[in-house]
Amino acid sequence: MTITDVARHAGVSTAAVSKVMRNAYGVSAAMQEKVRAAMAELDYRPHAAARGMRGRTYTIGILLDNIRNTFFADILDGVRDELRDSEYTVLIGAAGFDAEVQDKTIRSMVDRQMDGLVLIAPGIQRAEVLSTAQSTPTVVIGHHDSSDLHDSVVDADGSGAGLVVDHLVSLGHRNIALVSSPGTRSSRWARTPEIVLSNGYAEAMGRHHLAEHTQICRTSYSDEGGYKAGMSLLTAGNRPTAIMTGADVAALGVWRAAHELGLRVPEDVSLVGYNNTAIADLATVQLTSVDQAGHNMGATAARLLIERVEGRRDHAVQTTMTPRLVVRGSTSAPSVV
């Protein structure tokens with residue numbers, strides 16, 4: 001089935017069908033309905049490779065490191081909902097934490113002529129992202145380093161950390177620890193989420209005159225990473241009365257460590273996550289967490305990307321989400337101040 005067959009079936013020109021498929025400006029609603037009805041009746045599906053030869057494949061590539069991080073599901077839901085009524089198809093590259101594998105995945109997406117890329121907190125060198133963005137429209141989610149070459153969607157992570165510290169201090173906590181990702185210094189990103197979060201935490205602790213209690217444990221944002229951090233912090237001589245983590249998934253690992261050590265949440269240690277994923281609101285969890293609007297981040301990234309892909313904007317922008325603390329049952333006043 002070809003575009004000519006669709007045009008004949010709809011009783012319009014092939015140029016009209018092409019405009020509908022490209023979502024071109026000026027196509028009437030009646031024409032859209034007529035052509036799409038013909039495509040549905042004929043079960044017509046555009047050939048991706050052929051479309052790529054004409055300049056567009058209508059595919060969007062999304063890079064992420066860990067499919068077990070439920071926050072990424074919120075972002076993907078936002079992307080999906082934003083593109084639901086468009087011709088674009090989303091393809092996901094779950095590349096893991098290794099920078100070389102991430103780089104290979106991005107190059108594969110470019111080689112397959114994907115129209116644009118959404119990179120979620122990429123661990124590859126910044127220079128590689130900038131090089132890719134010169135030829136392929138790109139949106140970076142998470143990293144605060146702005147560029148004229150790519151769009152960015154970030155959370156005000158420093159403010160988010162401040163919300164957590166303020167909440168815990170209001171409950172009476174002083175010995176508050178942070179579990180954060182180690183990041184990759186060789187990647188040459190100056191303002192990754194974990195850097196901005198750590199700085200915000202340190203600034204908030206200083207603002208409350210608690211700088212001497214500042215303690216940051218670096219680990220991967222995973223259940224196992226959180227578990228290792230929890231075992232380290234909760235068996236130390238100066239055990240914190242409260243722990244905040246940079247991701248809900250890591251908070252659950254800390255919770256597991258506390259359980260194994262016979263410690264109760266929140267009676268013995270208050271626990272705060274980040275991202276406010278669906279798991280935080282489970283009846284058996286009720287994790288206090290910072291909501292950074294993952295769905296909105298994904299939808300915004302998709303919208304920005306399509307604007308660049310379709311030539312509706314030629315300058316880069318950075319959009320910042322405003323964090324919100326959602327207080328649940330995992331935080332309370334410390335049993336011993």
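Which residue in β9 is the bridge partner of alanine 242? Keep that in mind while you get oriented; this is a predicted model.

**Stop 1: strand β8 and its neighbours**

Select residues 242-245, which make up strand β8. Show the side chains: Ala242 and Met244 point one way, Ile243 and Thr245 go the other way, and all of them are buried. That fits a general habit: in a regular strand, side chains alternate between the two faces of the sheet.

Now add residues 270-274, strand β9, which pairs with β8 in the parallel sense over three bridges. Here's the opening question settled: alanine 242 has serine 270 as its bridge partner in β9. To get from β8 to β9, follow the chain through helix α11 (residues 248-260); this β-α-β crossover is right-handed.

Next, bring in residues 176-180, strand β6, which runs parallel to β8 and is joined to it by four bridges. Look for leucine 178, sitting opposite methionine 244 of β8.

Before leaving, go to the loop between α11 and β9 and click on proline 266. The peptide bond leading into it from valine 265 is cis, with omega near 10°.

**Stop 2: the six-stranded sheet**

Colour the strands of the open sheet in the order β2-β1-β3-β4-β5-β11; there are six, and the pairing is parallel. Which strands sit at the edges? They are β2 (89-94) and β11 (318-321), each pairing on one side only. From one strand to the next, the twist averages 15°.

Zoom in on β4 (residues 138-141) and β5 (residues 151-155), a parallel pair with three bridges. Valine 139 is a good residue to pick here, as it stands opposite aspartate 151 in β5.

Then switch on residues 294-309, helix α12. This helix lies across β1 (59-64), β3 (116-120), β4, β5 and β11, and runs at about 170° to β5.

**Stop 3: the cores**

Stay put and show the largest nonpolar core, which has 23 residues. Those touching the most other members are Ile60, Leu83, Tyr88, Val118, Ile120, Ile141 and Val153. Two or more residues come from each of β1, α5 (70-83), β3, β4 and α12. Which element gives the largest share? That's α12, with seven residues.

Centre on isoleucine 141 and display its contacts: leaving out residues up to four places away in sequence, they include Ile75, Val118, Val153, Met297 and Ala301.

There's also a second, separate core of 20 residues, with Leu178, Tyr201, Ala204 and Tyr221 among them. You've met Leu178 already, opposite methionine 244.

**Stop 4: helix α2**

Select residues 14-21 for helix α2, and highlight its buried residues: Ala16, Val17, Val20 and Met21. Look down the helix axis and these fall within an arc of 135°, so they line one face of α2. Just after the helix, asparagine 23 has a positive phi of about 55°.

**Stop 5: two more positive phi values**

Histidine 209 is in the loop between α9 (193-207) and β7 (215-218). Its phi is positive, about 60°, although it is not a glycine. Is histidine 209 buried or exposed? Exposed, with a relative accessible area of 65%.

Finish at alanine 293, in the loop between β10 (288-291) and α12. Phi of alanine 293 is near 55°, again positive in a residue other than glycine. Alanine 293 is partly exposed, with a relative accessible area of 26%.

Definitions and conventions. Residues numbered from 1 in each chain as written. Predicted model: local features only at pLDDT ≥ 70, side-chain atom pairs only at ≥ 80, totals over all residues. Heavy atoms only, no water. Buried < 20%, exposed > 50% of the residue type's maximum accessible area, 1.4 Å probe, protein only. Pairing = 2+ DSSP bridges. Right-handed = clockwise from strand over helix to strand, strands pointing away. Arc of directions from axis to C-beta. Axes fitted to C-alpha atoms, helices over the stretch in contact; angles between N-to-C directions. Contact = heavy atoms within 4.5 Å. Core = buried A, V, L, I, M, F, W, Y, C linked by side-chain atoms within 4.5 Å.
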